[in-house]
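This report covers the charged side-chain contacts and the main pocket of one model. Please look over the structure before reading on.

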Amino acid sequence: RQVHRHPNVIHMVDHWLDEGGKLHIVMEYAENHDLCDYVARRQLEGTWTVAAAVGLMVDMAKGLDHVHSHRVLHRDIKPPNVLVSR
């Protein structure tokens with residue numbers, strides 16, 4: 001399924017099912033931090049605020065809304081799977 005690019009979604013380059021029925025996904029390379037690292041770094045810097053958390057959640061919601069509108073379901077949303085870029 002082709003999903004159009006969105007600024008809050010990493011691009012899926014390819015996907016396939018192997019002979020055993022296991023799904024493989026190739027994503028674009030992203031030089032980002034996962035949500036755990038990002039929050040920890042911001043806390044150490046003293047820049048992690050309620051406003052920063054809300055802004056990040058809004059961006060995540062926009063990205064999920066976009067992929068859901070294209071009938072794609074992400075079944076493993078958790079902090080290590082959320083990439084945060086500059």
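Is K78 exposed, partly exposed or buried? The model is a predicted one, and in it K78 has a relative accessibility of 37%, so K78 counts as partly exposed.

## The K78–D76 pair

K78 is joined to D76 by a salt bridge, with 3.6 Å between the closest N and O atoms. The acidic partner, D76, also has a relative accessible area of 37% and is partly exposed. This value lies between the 20% under which a residue counts as buried and the 50% over which a residue counts as exposed.

## The other salt bridges

In total, the structure holds 3 salt bridges. One of them links R5 and E28, whose closest N and O atoms are 3.8 Å apart. R5 sits in the segment before β1, while E28 sits in the loop between β2 and β3 (33-34), so this pair ties together parts that are 23 residues apart in sequence. With a relative accessibility of 58%, R5 counts as exposed; the cut-off for that class is over 50%. E28 is partly exposed, at a relative accessible area of 31%.

Another salt bridge is formed by the side chains of R41 and E45, at an N to O distance of 3.9 Å. Both residues belong to helix α1 (residues 35-45), and because they are 4 residues apart, about one helical turn separates them. R41 is partly exposed at 30% relative accessibility. E45 is likewise partly exposed, with a relative accessible area of 48%.

## The largest pocket

The volume of the largest pocket is about 1,500 Å³. Its lining is made up of 38 residues, and those closest to the pocket centre are N8, V9, I10, M27 and H74. Four elements give two or more residues each to this lining: β1 (12-17), β2 (23-27), α2 (50-69) and β4 (83-84). The largest share comes from α2, which supplies 7 residues.

Sorted by class, the lining of the largest pocket has 21 nonpolar residues, 12 polar residues and 5 charged residues.

## Points to carry forward

For the salt bridges, what sets the R5–E28 pair apart in sequence terms is described by its location: the pair ties together the segment before β1 and the loop between β2 and β3. The R41–E45 pair, in turn, lies within helix α1. For the pocket, the entries to keep are the volume of about 1,500 Å³ and the 7 lining residues from α2.

How values were computed:
Residues are numbered from 1 along each chain as its sequence is written. This is a predicted model: local features need pLDDT of at least 70, side-chain atom pairs count only at pLDDT 80 or more; totals for chains, interfaces and linings use all residues. Side-chain values use heavy atoms; hydrogens and water are left out. On a 1 Å grid over the protein atoms alone, a cavity is a set of points where a 1.4 Å probe fits but cannot get out, and a pocket is an open set with protein on both sides within 12 Å along at least five of seven lines; lining residues have an atom within 4 Å of a point. Grid points are joined across faces, edges and corners, and a volume is the space filled by probe spheres set on the points. Ala, Val, Leu, Ile, Met, Phe, Trp, Tyr, Cys and Pro count as nonpolar, Asp, Glu, Lys and Arg as charged, and the others, Gly among them, as polar. A salt bridge is a side-chain nitrogen of Lys or Arg within 4 Å of a carboxyl oxygen of Asp or Glu. Buried means under 20% relative accessible area, exposed over 50%, partly exposed in between (1.4 Å probe, protein chains only).
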